[in-house]
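Subject: Handover of a structure

Hello,

I am passing a structure on to you, with some notes on what turned up in it. Please look through it before reading further.

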Amino acid sequence: MSNTIIQNLLRLFFFVLVQAVVLQQAKLGGAYFNYISLIFYPLFLFLLPLKTPKITLVLIGFGVGMLIDASYNSPGVHAAACLVTAIIRPLALAIYEPREGYNVSQGLTIKSYGPIWFLKYAGTLLFIHLLVYFILEIFTPAYTLEIIGRTIATFIFSLFLMMMYMVIARPKI
Amino acid sequence: MRNLVLLFLRFGHFILFVLLELLCLYLIVNYNRTQREIWGNSSNIFMGYSSEKFNDWTNYFSLRDKMDDLAAENALLKEKLINAGLTPVPERDSTSALNAQYKLITAEVTNNSTDRPNNHIILNKGRRDGVQKDMGVIGDNGVIGIIIRVKENYSVVNSLLHRRSFISAMIKRTGAFGPLRWIGSNPRYVNLADIPKHHTVEVGDSIVTSSYSTHFPKGILIGVVEETNLPSGSNFHDIKVLLSNDFSALDYVEIIENLKQSEQLELEREVSDE
C-alpha cells in the first residue's frame with residue numbers, strides 16, 4: 001500500500017519535471033505551426049490505482065493541474081482540465097471494463113489489460129482533457145476551428161508519447 | 001443532518017469538482033492576461049447588449065405614458081394657438097368643421113389580386129365601421145377603386161384593374177376629362193379614353209380624379225401618361241397611363257366617405273328626371 005503511494009509520488013515528481021522542463025519547451029511544429037504541443041502529465045491521473053476514492057481523485061487532479069499551471073504560468077487552465085479528467089475517469093473505466101472485470105491488485109497498464117484497452121482508455125480521457133484545456137486556453141468561441149485543430153494535433157503526438165512511455169518503461173502499477 | 005452527510009458521502013466528489021472548477025474559472029479569468037481581456041470584452045458586449053434590450057422593453061411599457069404626455073402637450077399648444085387668435089389646423093378625420101366634405105376610414109387589405117380579368121380587393125372594414133357602397137378607396141399613392149359590396153365586417157372593392165370599373169379622370173394640366181379603362185393585361189397600366197384631339201397630351205402629364213366623380217375628391221393622383229398617340233381618322237387620343245399605385249403590393253388603404261354624395265346624386269337625379 002505505502003509502496004503504491006511512494007511509487008505514485010515519484011512518478012508525479014518525474015512527470016511534472018518532464019512536462020515543465022522538457023515538453024513545455026518542445027516546439028514540434030517549428031516556428032510557423034504551433035498547433036502541436038506535448039501534454040504528457042495526464043498519464044499520471046490515468047495510472048492512479050483503480051481503488052482511488054473519487055473525492056481523492058478530484059483533489060489530486062486539482063493539485064497536479066495547479067503544479068503544471070505554476071510552470072506554465074497559467075493559473076487554473078490545466079487545473080480545470082485535470083478536474084474534468086478526474087471526474088470522468090470512473091466513467092471511462094466503467095465504459096471500457098473488460099469482460100472478466102478489473103483486478104484490484106493490478107495497475108491500469110498495458111501489461112494488465114492489453115494495448116488496445118489502454119489505447120481506448122487513455123485516448124478517451126486525453127482527448128477530453130485536451131479539448132477542455134484548449135477551450136480554456138483559447139477562450140474564444142470564434143476560434144472553434146483552432147481549438148479543434150490544436151486538440152487533434154496535440155492528441156495524436158501526446159498519445160503516441162504516452163504509448164512509448166508505457167511500452168518502454170513498462171510500469172507495473 | 002444524517003441525510004446531508006449521506007448526500008455528501010455520495011456526491012461529495014461531484015460537489016467538490018464543481019467548487020474547484022469554479023475556483024479554476026475564477027483564477028483563469030483573473031490571473032491570465034489573454035483570458036482576462038477576452039472575458040472583459042465579452043462581458044462588456046453582453047452587458048451592453050442586454051441593457052439595450054432591457055431599455056427597449058421598458059420603453060415599450062412606458063409608451064402609453066409618453067402618449068398621454070404628448071396629447072397633453074398638444075392640447076396645451078392648441079390652447080395657446082386659440083388664445084393667440086389663430087385657429088388650429090383641423091384634424092384630418094374631423095367632421096366637426098362645417099365644410100368638411102370628406103371623411104377617411106383606414107382599412108387593411110385582406111385579399112387582393114392583379115392577375116385576373118376582373119380584380120377585386122377585400123378590406124377588413126364593413127358596415128359596422130360606416131363603410132357604404134360606392135365609396136372611393138385610395139392608397140398611399142392615389143386611387144385604388146370603388147366599394148361595390150359591403151358586409152358587416154368586410155367590404156369588396158372593384159379595383160381599377162376591373163373591366164367594368166369606370167372612373168372619371170382628367171389631365172391635370174389641361175383639365176380634359178374622360179373615363180379610365182383597364183384593358184386587362186398589365187396591372188401597371190390603364191387607358192384613358194375620350195380625350196378629344198384638340199387637347200394636347202404629353203408624356204409625363206399627371207392624371208388625376210376629376211370633380212365630376214362623386215366617389216373621390218378632385219385632384220387625387222391616378223398615374224402619369226406613359227404613351228400617347230392619335231390614331232388616324234380618330235377624334236380621340238389613345239392614352240396609356242402608368243398607375244402610381246403598385247396594386248400588387250397594397251397593405252393599408254383609406255376609404256373616402258363623401259358626406260355630400262347623396263345630395264349631389266339627388267340633384268343629378270332630379271335634373272335627369274325632368
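The notes below cover confidence, the contact between the chains, one pair of helices and a barrel.

Confidence

Please keep in mind that this is a predicted model. For the complex, the predictor reports an ipTM of 0.89 and a pTM of 0.52. Chain B has a mean pLDDT of 81, with 91% of its residues at 70 or more. Of the elements in chain B, strand β11 (residues 238-243) has the highest mean pLDDT, 89, and helix α3 (residues 63-83) the lowest, 72. In residues 87-98 of chain B the pLDDT is below 50, and this stretch makes 11 contacts in the model beyond near neighbours in sequence.

Contact between the chains

Chain A and chain B each put 15 residues into their contact. On the chain B side, α1 and α2 (33-61) each provide at least two residues. The largest share of that side comes from α1(B), with 12 residues. Sorted by class, the side of chain B that touches chain A holds 10 nonpolar, 4 polar and 1 charged residues.

A pair of helices across the contact

Helix α4 of chain A (residues 77-95) packs with helix α1 of chain B (residues 2-31); their axes are 8 Å apart and the angle is about 160°. Because angles over 145 degrees count as roughly antiparallel, α4(A) is described as roughly antiparallel to α1(B). The crossing of these two helices, α4(A) and α1(B), is left-handed.

Which residues meet here, between α4(A) and α1(B)? From α4(A) they are A:Val77, A:Ala79, A:Ala80, A:Leu83 and A:Ile87. From α1(B) they are B:Phe14, B:Phe17, B:Leu20, B:Glu21, B:Cys24, B:Leu25 and B:Ile28. By class, the residues of this contact of α4(A) with α1(B) are 11 nonpolar, no polar and 1 charged.

The barrel in chain B

Chain B also contains a barrel, closed by 6 strands in the order β1-β2-β5-β4-β3-β12, with antiparallel pairing. On average, neighbouring strands of this sheet are turned by 45° against each other, direction ignored. Strand β1 (residues 102-112) and strand β12 (residues 252-258) of chain B run antiparallel and are joined by 7 bridges. Opposite B:Ile255 in β12(B) stands B:Ile105.

Regards

Methods. Residues are numbered from 1 along each chain as its sequence is written. Chains are lettered from A and ligands numbered from 1 in the order in which they are written. This is a predicted model: local features need pLDDT of at least 70, side-chain atom pairs count only at pLDDT 80 or more; totals for chains, interfaces and linings use all residues. Axes are lines fitted to C-alpha atoms, for helices over the stretch in contact, and angles run from 0 to 180 degrees between N-to-C directions. Helices (H or I, at least four residues) and strands (E, at least two) are DSSP runs, numbered from the N terminus. Angles under 35 degrees count as roughly parallel, over 145 as roughly antiparallel, 65 to 115 as roughly perpendicular and the rest as oblique. A crossing is left-handed if the near helix is turned anticlockwise from the far one by less than a right angle, and right-handed if clockwise. Two residues are in contact if their C-beta atoms, placed from the backbone, lie within 7 Å. Ala, Val, Leu, Ile, Met, Phe, Trp, Tyr, Cys and Pro count as nonpolar, Asp, Glu, Lys and Arg as charged, and the others, Gly among them, as polar. pLDDT is the predictor's confidence in each residue, from 0 to 100. Two strands pair if DSSP finds at least two bridges between them.
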